[in-house]
Amino acid sequence: MQTINKFQPKTMADNFLAMASLSAVFGLAACQQEGPAEKAGQKIDKAVTHAEQKIDRASQKAGDKMDDAKQSVKDKAEIAEEYIDDAMITLKVKAALSNDTILKASHIDVTTANGVVTLSGTVDSEQSLGRAMEDADSQEHVKSVQSKLTVNAIPRSN
């Protein structure tokens, strides 16, 4: 009788099955409860994320405050500029009125707000009133002229 020793070589399927089994064993071993190092790492990650969020919020608030401060400075600069412009207009109108020979005898007060000139006081004739309005209106940056002037005609003595 003849004995046949059959040696069967491992097939590729057998190798794959062995690898899958080992992978499952190692995978299950990795699923054990997390150790202190892993927990500490997770806490650090959460703390870093939380800190980043706080920094982002603080940066946004600071940016908003900077924008508000810039706008406030711009608004105040515009107000100051208007005030300076009004003061310059008033000065120019007063100079024009005092240099006008027709208006020398008149008493005219000048105020300016936002480019609008208001004349008040007394003049000696309708012609002087019209001349004062023209002198004021001819100045640079005057938007309009309002008159609160009164005509106080002085009778001429013969």
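Where is the place of His-141? Hold that for a second. This is a predicted model. The answer: His-141 lies in the loop between helix H3, residues 126-137, and strand E3, residues 144-151.

Now its backbone. Most residues other than glycine have a negative phi. His-141 is not a glycine, yet its phi is positive, about 75 degrees. His-141 is also exposed, at 57% relative accessibility.

There is a second case. Asn-114 has a positive phi of about 55 degrees, and Asn-114 is not a glycine either. Asn-114 sits in the loop between strand E1, 107-113, and strand E2, 116-123. Its relative accessible area is 45%, so Asn-114 counts as partly exposed, because exposed needs over 50%.

Next, the overall layout. The protein has 3 helices and 3 strands. From the N terminus, the order is α-α-β-β-α-β. Helix H2 covers residues 36-99.

On to the surface. Which residues form a nonpolar patch? Tyr-83, Ile-84, Met-88 and Leu-91. Together they offer about 460 Å² of accessible area. Take Leu-91 from that group. Leu-91 is in helix H2. Its relative accessibility is 53%, so Leu-91 counts as exposed.

Last, the totals. The protein has 158 residues, and 17% of them count as buried. Its accessible surface comes to about 13000 Å². Carbon and sulfur atoms hold 57% of that surface. Then contacts. Take those between residues at least 6 apart in sequence: 60% join residues at least 24 apart.

To recap the two loop residues: His-141 and Asn-114 each have a positive phi.

Key:
Residues numbered from 1 in each chain as written. Predicted model: local features only at pLDDT ≥ 70, side-chain atom pairs only at ≥ 80, totals over all residues. Heavy atoms only, no water. Helix = DSSP H or I, 4+ residues; strand = E, 2+ residues; numbered from the N terminus. Buried < 20%, exposed > 50% of the residue type's maximum accessible area, 1.4 Å probe, protein only. Patch = residues over 30% accessible without salt bridge, like charges linked within 9 Å, V, L, I, M, F, W, Y side chains within 5 Å. Areas by Shrake-Rupley, 256 points an atom, 1.4 Å probe, with all protein chains shown as cover. Salt bridge = Lys/Arg side-chain N within 4 Å of Asp/Glu carboxyl O. Contact = heavy atoms within 4.5 Å.
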